[in-house]
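Let's take a walk through this protein, starting from one residue and working outwards. Keep the sequence and the 3D view side by side as you read.

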Amino acid sequence: LTPIEAMSCGLPVVATQESAVPEICGEAASYADSTGAAIAEAVDRLLLDSAQWAALQGLGLARSRVYAWPTVAEKYAQII
């Protein structure tokens with residue numbers, strides 16, 4: 001999942017509310033409408049707001065750990 005990969009690299013994420021993306025990203029992403037203009041505006045706002053960048057960066061790193069292989073493997077082991 002591309003948003004989680006970006007989060008695990010320490011990058012803040014701008015995403016759309018399509019499919020399961022909001023469920024996966026939670027509050028660790030900034031959301032925009034599904035148009036090129038809306039996504040570009042959200043990216044511009046993020047680039048200009050270092051506090052939001054840092055906040056999403058921290059939230060994203062924490063969120064990505066939920067989907068890290070050791071965590072997922074442990075959950076599977078518990079199920080099995």
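Is Cys25 buried or exposed? Cys25 is buried, with a relative accessible area of 1%; buried means under 20% relative accessible area, exposed over 50%, and partly exposed in between, using a 1.4 Å probe and protein chains only. Before going further, note that this is a predicted model, where local features need pLDDT of at least 70 and side-chain atom pairs count only at pLDDT 80 or more, while totals for chains, interfaces and linings use all residues. Residues are numbered from 1 along each chain as its sequence is written, and side-chain values use heavy atoms, with hydrogens and water left out.

Now for the overall layout. The chain has five helices and two strands, where helices (H or I, at least four residues) and strands (E, at least two) are DSSP runs numbered from the N terminus. Follow the sequence and you get the pattern α-β-α-β-α-α-α. The C-alpha atoms fill a box of roughly 45 × 25 × 15 Å along the principal axes. Of the 80 residues in the chain, 25% are buried. The chain exposes about 5,400 Å², with carbon and sulfur atoms supplying 60% of that area; accessible areas come from the Shrake-Rupley method with a 1.4 Å probe, and for residues only the protein chains shown count as cover.

Back to Cys25, which belongs to the largest nonpolar core, together with Ile4, Met7, Val13, Ala15, Ile24, Ala28 and Ala29. A nonpolar core here is a set of buried Ala, Val, Leu, Ile, Met, Phe, Trp, Tyr and Cys residues joined through side-chain atoms within 4.5 Å. Helix H1 (2-8), strand S1 (13-16) and helix H2 (21-25) each supply at least two residues of this core. From the core, Ala28 reaches Met7, Leu56, Leu59, Gly60 and Arg63, leaving out residues up to four places away in sequence; contact means heavy atoms within 4.5 Å.

What about disulfides? The structure holds zero of them, a disulfide being a pair of cysteine sulfur atoms within 2.5 Å. The sulfur of Cys9 is 14 Å from the closest cysteine sulfur, in Cys25, so the two are too far apart for a bond. Cys9 is exposed, at 62% relative accessible area, whereas Cys25 is buried.

Next, look at the strands. Thr16 sits in strand S1 and is buried, at 17% relative accessible area. Beyond its neighbours within four places in sequence, Thr16 contacts Val21, Pro22, Tyr31, Ala32, Asp33, Ser34 and Ile39. One of those partners, Ala32, is in strand S2 and is buried too, at 10%. Ala32 in turn touches residues including Val14, Ala15, Ala38 and Ala42, again not counting residues up to four places away. Ala32 and Ala42 are ten residues apart along the chain, and their C-alpha atoms are separated by 6.3 Å. Ser30 is also found in strand S2 (residues 29-32), where it is buried at 13%. With neighbours within four places set aside, Ser30 is in contact with Val13, Val14, Ala15, Gln52 and Leu56.

Between S1 and H2 there is a loop that holds Ser19. Ser19 counts as exposed, at 76% relative accessibility, and its phi is near 55 degrees, a positive value in a residue other than glycine. Most residues other than glycine have a negative phi.

For a contact across the sequence, try Tyr67, in the loop between helix H4 (50-66) and helix H5 (69-79). Tyr67 is partly exposed, at 30%. Its C-alpha atom is 7.6 Å from that of Ile4, although the two residues are 63 apart along the chain. Leaving out residues up to four places away, Tyr67 touches Ile4, Glu23, Ile24 and Val72.

Finally, turn to the surface. Leu11, Ile39, Val43, Leu47, Leu48 and Trp53 make a nonpolar patch of about 560 Å². Helix H3 (residues 36-48) gives the most to the patch, with four residues. Val43 lies in helix H3 and is partly exposed, at 33%. Patches are made of residues with over 30% relative accessible area and no salt bridge, with like charges joined within 9 Å and nonpolar side chains (Val, Leu, Ile, Met, Phe, Trp, Tyr) within 5 Å; a salt bridge is a side-chain nitrogen of Lys or Arg within 4 Å of a carboxyl oxygen of Asp or Glu.
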